[in-house]
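Colleague: Please take a close look at the charged side chains in this model. Start with where they sit, then work outwards to the rest of the fold.

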Amino acid sequence: MIYEPKAPTKLSEVGYDLNLVLQLICKGMYLENLETAIQFSYEIKLPTNIIEQALQELVSRKQVESVGMMNSTTGGLGSLRYTLMGAGRKFVQDAMNQNQYFGPAPVPLEAFCNQVRAQSIGDERVSPEDIEASFSDIVVPDEFTRQLGPAVNSGMSILIYGPAGNGKTTVAEKVAHIFDSVIYVPHAIEVNGTIIKVFDGSVHESVEVENLPVER
C-alpha cells in the first residue's frame, strides 16, 4: 500500500531553510498581488497555519506589514491583508535574482527520495488478463504481451526501442495504465537551496486535497 505524502504541520517541519518559504510569500506579493494567508496557502500549497507563522516572521523582520482586514464573502470575520515594506521589496528582489520560481513550495530531496522508495511498484503484480485488458483496443501479437508480462512484473526499467512510428509511445502508455497504484510526484524539490521543478501537467495529473483552502 502506498501512503500519500504528509504535509508539514508547522514552519520548522518544511525540511529546509525557512527563508525559502519567506521568499515564496514575498514573491506572491510582488508578482501576483497576493495579500492574505488563504491566498498564499492556495498558491504555495502549504497549510494556512504555516503561512501565518511565516507571515509573522516577515512582520517581525519588518519586511511585511499588515494593512487591515479583507471583507469576508461569507459574512464572517475577514482575513488580514499584508503588503511589502521597503526591506521586503529588497528581500524579494534579491530572491528574484537567485531564481524566478514562484509556485507550490518544494519538497526536500530526502523526503522525495523516501517517497520514491516507498511507492516502488515492485510489490504489485499484474496478471496476463490485466495486460490483455490494457491492450484490448489495439492489435498486438500474442507473443508480445506474453513477453511483456515478466518485464512489467520485474519492477525494473523497461527499454522500448525501434524506428519512429512503430508504436513505442502507445505501448508505454498502455503499460502505465496496467498498474492500479497511485505514484505521488511533487510540484518541485529543493536541493541545497535550489528549486527543481518536477511536476509536468502534460504527463502528470494534479491531485486535489479536500482540506486545502480554496477561497481566493
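Modeller: The charged groups come first, then the core, then a few backbone details.

This is a predicted model, with local features needing pLDDT of at least 70, side-chain atom pairs counting only at pLDDT 80 or more, and totals for chains, interfaces and linings using all residues. Residues are numbered from 1 along each chain as its sequence is written, and side-chain values use heavy atoms, without hydrogens or water.

Start with the acidic surface. Glu129, Asp130, Glu132, Asp142 and Asp180 form a patch of negative charge there. (Patch members have over 30% relative accessible area and no salt bridge; like charges are joined within 9 Å.) Charge positions are CG for Asp and CD for Glu. Helix H6, residues 128-134, is the main contributor to the negative patch, with three residues. (Helices are DSSP runs of H or I, at least four residues; strands are E runs of at least two.) Asp130 sits in helix H6. Its relative accessibility is 35%, so Asp130 counts as partly exposed. (Buried is under 20%, exposed is over 50%, partly exposed lies in between, with a 1.4 Å probe and protein chains only.)

Now the paired charges. The structure has five salt bridges. (The cut-off is a Lys or Arg side-chain nitrogen within 4 Å of an Asp or Glu carboxyl oxygen.) One of them joins Lys174 to Asp137, at 2.7 Å from N to O. This pair ties together distant parts of the chain, 37 residues apart. Lys174 belongs to helix H8 (168-176), while Asp137 lies in the loop between H6 and helix H7 (142-153). Lys174 has 16% relative accessibility and therefore counts as buried. Asp137 has 56%, so Asp137 is exposed.

Helix H7 has an internal pair. Glu143 and Arg146 are three residues apart in H7, about one turn of the helix. Their closest N and O atoms lie 2.7 Å apart, in a salt bridge. Glu143 is partly exposed because its relative accessibility is 40%. Arg146 reaches 53% and so counts as exposed.

Glu57 and Arg61 make another bridge, at 2.9 Å from N to O. Glu57 is partly exposed at 27%, and Arg61 is partly exposed at 32%.

Next, the interior. The largest nonpolar core contains 31 residues. (Such a core is a set of buried Ala, Val, Leu, Ile, Met, Phe, Trp, Tyr and Cys joined through side-chain atoms within 4.5 Å.) Val21, Ile25, Met29, Phe40, Ile44, Ile51 and Leu55 have the most contacts inside it. At least two core residues come from each of helix H1 (18-32), helix H2 (37-44), helix H3 (48-60), strand S2 (79-84) and helix H4 (86-98). H1 supplies the largest share, seven residues.

Strand S1 (64-70) holds Ser66. With 39% relative accessibility, Ser66 is partly exposed. Its C-alpha lies 9.9 Å from that of Met85, 19 residues away along the chain.

Last, two loops deserve a backbone check. Most residues other than glycine have a negative phi. Asn33, in the loop between H1 and H2, has a positive phi near 60°. At 62% relative accessible area, Asn33 is exposed. Asn192 has a positive phi near 50° and lies in the loop between strand S4 (188-191) and strand S5 (194-197). Asn192 is exposed as well, at 79%.

Note on methods:
Patch = residues over 30% accessible without salt bridge, like charges linked within 9 Å, V, L, I, M, F, W, Y side chains within 5 Å. Areas by Shrake-Rupley, 256 points an atom, 1.4 Å probe, with all protein chains shown as cover. Lys, Arg positive; Asp, Glu negative; His and termini not counted.
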